[in-house]
Amino acid sequence: MFLKKLSVLNFKNYPEAELSFSEQINCLTGNNGEGKTNILDAIHYLSFCKSFFNPIDSQNILHESPFFLIQGVFGMPDRDDEIYCGLKRNQKKQFKRNKKEYSRLADHIGLYPLVMISPADSELITEGSESRRRFIDSVIAQFDREYLENLISYNKVLSQRNALLKQFGDSRKFDKDSLDIWDIQLIEYGIKVHKCRQNFIERFVPIFQKYYELISGGREKVNILYSSHLNENSFADVLEKALNRDRAIEYTTVGIHKDDLEFTINEYPIKKFASQGQQKSFLIALKLAQFDYIKNIKQVTPILLLDDIYDKLDDLRVKQLMELVSGDNFGQLFITDTHPTRLSELFKSSSVDFKVFNIKNGAVGNGD
Ligand SMILES: Nc1ncnc2c1ncn2[C@@H]1O[C@H](COP(=O)(O)OP(=O)(O)OP(=O)(O)O)[C@@H](O)[C@H]1O
Ligand SMILES: [Mg+2]
């Protein structure tokens with residue numbers, strides 16, 4: 001599976017553009033603010049029906065224009081698939097595959113797997129635990145629908161339980177029986193989600209460590225630890241112990257909604273003790289492991305988008321990374337760089353097919 005063609009109309013800073021891609025490597029070069037990342041985002045739309053960066057679709061319409069259109073052709077082993085995504089201001093987004101409109105966008109997601117590596121990934125290290133839970137959830141949900149359903153059910157029960165705790169506080173009454181009704185369900189869904197996350201991390205970490213070693217040349221040891229209230233104790237016990245505190249602050253303080261991932265380098269927390277380049281290498285390894293994981297489970301090689309890859313990485317690490325991603329395990333790549341020739345110099349000496357696009361102020365020229 002690879003993206004053959006992309007055309008956009010009034011998307012972000014592009015009034016109109018058409019690009020035909022290489023099945024292997026596509027380099028998008030240009031100065032800051034010219035529109036390199038915007039092309040990656042249009043490709044992201046074709047896979048996930050939404051922007052990687054901006055959840056408000058209408059803000060991706062070119063300023064002052066009434067609509068945007070993104071169209072793509074994916075080359076499949078036995079056919080071509082045409083994807084259409086259109087948005088008019090103040091209207092519902094239209095999303096079509098081979099001219100047929102989806103009634104549920106969720107049915108599209110996963111058909112054309114894609115992994116984006118972007119400077120915005122740094123929030124996984126710098127932000128709170130929610131961003132790390134979102135990461136782990138998004139990876140598992142790509143291959144396990146039941147997981148997503150359990151998670152949604154858990155969150156529904158959780159908000160009911162919190163509402164009840166609030167009600168107890170407001171009315172100054174407490175009724176253990178009605179709390180138990182929610183607890184039984186919370187425990188049922190919570191245990192399932194916990195088990196899935198635990199199994200996933202166990203299989204994911206060795207893959208992640210392998211990629212980190214390949215990028216860093218084995219200079220540091222990294223790890224990911226899954227922290228959860230449910231790791232050592234039963235959920236029922238944990239809830240019981242927290243009951244007084246939960247009642248006092250009228251909120252459920254324990255459960256899988258508090259899970260976190262601890263990122264370490266040489267056994268110290270990465271946020272405090274890793275250099276910028278080490279943090280960036282860590283995030284890239286995390287995303288490459290996600291790529292590998294999806295590839296193995298779906299038996300389809302995802303498209304890989306690499307935004308601003310020279311940002312914070314030294315030349316040696318970029319070279320190692322480029323050798324890795326242009327190898328047999330990877331498929332189609334899209335890479336952005338502000339330097340006009342640095343990437344093509346790297347690929348020239350290898351046998352891979354690559355294409356360069358020069359991006360200038362929302363217009364695309366061929367770089368060769
Ligand atoms: N809805 C929109 N309408 C018009 N222009 C927009 C819209 N959204 C974003 N832009 C413009 O797109 C440009 C940014 O494009 P993009 O992020 O692709 O740049 P880039 O080439 O990746 O730059 P950098 O090298 O700094 O990452 C900015 O000039 C921004 O103003
Ligand atoms: Mg950019």
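**Stop 1: helix 4 and helix 5**

Start by selecting helix 4 and helix 5, which cross in a left-handed way. Keep in mind as you look around that this is a predicted model. Helix 4 covers residues 145–171, and helix 5 covers residues 176–216. The axes of helix 4 and helix 5 lie 9 Å apart, at an angle of about 150°. An angle over 145 degrees counts as roughly antiparallel, so helix 4 is roughly antiparallel to helix 5.

To see where the two helices meet, show side chains on both. On helix 4, the contact includes Tyr147, Asn150, Leu151, Tyr154, Val157, Leu158 and Leu164. On helix 5, the residues taking part include Leu179, Trp182, Leu186, Tyr189, Val193 and Cys196.

**Stop 2: along helix 5 to helix 8**

Now keep helix 5 selected and add helix 8, residues 276–298. How do helix 5 and helix 8 pack, and at what angle? The angle is about 130°, and the axes are 8 Å apart. That makes helix 5 oblique to helix 8. The crossing of helix 5 and helix 8 is right-handed.

Colour the residues that make this contact. From helix 5 they include Phe204, Ile207, Phe208, Tyr211, Tyr212 and Ile215. From helix 8 they include Ser281, Phe282, Ile284, Ala285, Leu288, Ala289, Asp292 and Tyr293.

**Stop 3: two residues of helix 5**

Zoom in on Tyr211, in helix 5. Is Tyr211 buried or exposed? Tyr211 is buried, with 23 other C-beta atoms within 10 Å. Leaving out residues up to four places away in sequence, Tyr211 touches Ala285, Leu288 and Ala289. For a sense of scale, draw a distance from the C-alpha of Tyr211 to that of Tyr14: the two are 35 Å apart in space and 197 residues apart in sequence.

Next, select Ile207, also a residue of helix 5. Ile207 counts as partly exposed, with 18 C-beta neighbours inside 10 Å. Beyond its neighbours within four places in sequence, Ile207 is in contact with Ala289, Asp292 and Tyr293. Try the C-alpha distance from Ile207 to Gln290 as well: 8.8 Å separate them, although they are 83 residues apart along the chain.

**Stop 4: helix 5 meets helix 9**

Stay with helix 5 and bring in helix 9, residues 315–325. The axes of helix 5 and helix 9 come within 7 Å and cross at roughly 125°. These two helices are therefore oblique to each other. Look for Leu214, Ile215 and Ser216 in helix 5, which meet Arg317, Gln320, Leu321 and Leu324 in helix 9.

**Stop 5: the largest nonpolar core**

Select Ile43, Phe282, Ala285 and Leu305 together. Among the 87 residues of the largest nonpolar core, these four touch the most other members. Domain 1 (2–113 + 300–366) and domain 2 (130–263) both contribute residues to this core, so it lies between them. In soluble globular proteins, nonpolar side chains tend to be buried together.

Which residues does Phe282 touch, not counting those up to four places away in sequence? Its partners are Tyr212, Val222, Phe263, Ile270 and Ala274.

**Stop 6: the two domains**

Zoom out and colour by the domain assignment, which gives domain 1 (2–113 + 300–366) and domain 2 (130–263). Taken over C-alpha atoms, the centres of the two domains are 34 Å apart. How many residues of each domain are in contact with the other? There are 5 from domain 1 and 5 from domain 2.

**Stop 7: the loops**

Move to the loop between strand 12 (303–306) and helix 9, where you will find Lys312. Lys312 is partly exposed, with 17 other C-beta atoms within 10 Å. Setting aside neighbours within four places in sequence, Lys312 is in contact with Gln276, Gly277 and Lys280. A C-alpha distance from Lys312 to Asn26 gives 21 Å, across 286 residues of chain.

Asp308 is found in the loop between strand 12 and helix 9 too. Its phi is near 50°, a positive value in a residue other than glycine. Asp308 is partly exposed, with 19 other C-beta atoms within 10 Å.

Finish at Asn361, in the loop between strand 14 (354–360) and strand 15 (363–366). Asn361 has a positive phi of about 50° although it is not a glycine. With 11 C-beta neighbours inside 10 Å, Asn361 counts as exposed.

How values were computed
Residues are numbered from 1 along each chain as its sequence is written. Chains are lettered from A and ligands numbered from 1 in the order in which they are written. This is a predicted model: local features need pLDDT of at least 70, side-chain atom pairs count only at pLDDT 80 or more; totals for chains, interfaces and linings use all residues. A nonpolar core is a set of buried Ala, Val, Leu, Ile, Met, Phe, Trp, Tyr and Cys residues joined through C-beta atoms within 7 Å. A residue is buried if 20 or more other C-beta atoms lie within 10 Å of its own, exposed if 12 or fewer, and partly exposed in between; C-beta atoms are placed from the backbone. Domain bounds come from an automatic or database domain assignment. Two residues are in contact if their C-beta atoms, placed from the backbone, lie within 7 Å. Axes are lines fitted to C-alpha atoms, for helices over the stretch in contact, and angles run from 0 to 180 degrees between N-to-C directions. Helices (H or I, at least four residues) and strands (E, at least two) are DSSP runs, numbered from the N terminus. Angles under 35 degrees count as roughly parallel, over 145 as roughly antiparallel, 65 to 115 as roughly perpendicular and the rest as oblique. A crossing is left-handed if the near helix is turned anticlockwise from the far one by less than a right angle, and right-handed if clockwise.
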